[in-house]
Amino acid sequence: MHARDEFALIAEACAAADQPQMTAILIREGVTLAEARERLDIVSAVNALLAFGHDCPKLTTEFRETALSGRMTVQQVRVAVLDAMADIDAETVVDNKRPTSSGEPCGPAPMKRDAAERSDKKPGSKSCTKLDETTGR
């Protein structure tokens, strides 16, 4: 295969991986098509991890640049992203007693039963009698 053909295939691989900016870098470094595809797979995996943690403030621009520079493995990026997200989850306080914007407490509303309904539930009434296990009544 001629060098031009290989360069063209590397450029096509970069375009297919949505990484056209890597074309010149890979060609300049003289990597083979197989090596280029391997590096593009790594960049795609890192981008997916960074997209997964895009709202995480602990993943700084500096971290993102380092992750995409190739100085970190996919596993290192995965661990860092998941650790940063776990730290945020650990810091999150869930308070289900806090009132909503309308002033009502969160959660189910207390049940209000009237006196007539409660009187039906007295021991000995039909609603409180034990079911016969043989007939189910």
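**Order of elements**

I began with the order of elements in the protein chain, which from the N terminus reads α-α-α-α-α-α. I noted six helices and zero strands. I also wrote down that this is a predicted model.

**Whole chain**

I looked up how much of the chain is buried. Buried residues account for 19% of the 137 residues. I then took the accessible surface, which is about 10,700 Å². Carbon and sulfur atoms hold 55% of that surface.

Next I checked contacts between residues at least 6 apart in sequence. In the protein chain, 40% of these contacts join residues at least 24 apart.

**Nonpolar cores**

Which residues form the largest nonpolar core? I listed 12: V46, L49, L50, C56, L59, F63, A67, M72, V74, V77, V81 and A84. I traced them back to the helices and found that α3 (33-52), α4 (61-68) and α5 (74-91) each provide at least two residues of this core. The greatest share comes from α5, with four residues.

I picked V74 from the core list for a closer look. Leaving out residues up to four places away in sequence, I found V74 touching I42, A45, V46 and L49. I then noted a second, separate core of 10 residues, with I10, A13, V31 and V43 among them.

**Largest pocket**

I looked up the largest pocket and recorded a volume of about 320 Å³. Its lining has 14 residues, and those closest to the centre are M22, V43, L68, S69 and G70. Two or more lining residues come from each of α2, α3 and α4. I marked α3 as the element that gives the most to this lining, with five residues.

What kinds of residue make up the lining of the largest pocket? I sorted them into eight nonpolar, five polar and one charged.

V43 appears twice in my notes: it belongs to the second core, and it is among the residues closest to the centre of the largest pocket.

**Q19**

Where does Q19 lie? I found Q19 in the loop between α1 (3-16) and α2 (22-29).

Is Q19 buried or exposed? I read a relative accessible area of 8% for Q19. Buried means under 20%, so Q19 counts as buried.

Last, I looked up what Q19 is in contact with, leaving aside neighbours within four places in sequence. The contacts are C14, L40, V43 and N47. V43 thus has a third entry in this notebook, as a contact of Q19.

Conventions
Residues are numbered from 1 along each chain as its sequence is written. This is a predicted model: local features need pLDDT of at least 70, side-chain atom pairs count only at pLDDT 80 or more; totals for chains, interfaces and linings use all residues. Side-chain values use heavy atoms; hydrogens and water are left out. Buried means under 20% relative accessible area, exposed over 50%, partly exposed in between (1.4 Å probe, protein chains only). Contact means heavy atoms within 4.5 Å. A nonpolar core is a set of buried Ala, Val, Leu, Ile, Met, Phe, Trp, Tyr and Cys residues joined through side-chain atoms within 4.5 Å. On a 1 Å grid over the protein atoms alone, a cavity is a set of points where a 1.4 Å probe fits but cannot get out, and a pocket is an open set with protein on both sides within 12 Å along at least five of seven lines; lining residues have an atom within 4 Å of a point. Grid points are joined across faces, edges and corners, and a volume is the space filled by probe spheres set on the points. Ala, Val, Leu, Ile, Met, Phe, Trp, Tyr, Cys and Pro count as nonpolar, Asp, Glu, Lys and Arg as charged, and the others, Gly among them, as polar. Accessible areas come from the Shrake-Rupley method with a 1.4 Å probe; for residues, only the protein chains shown count as cover.
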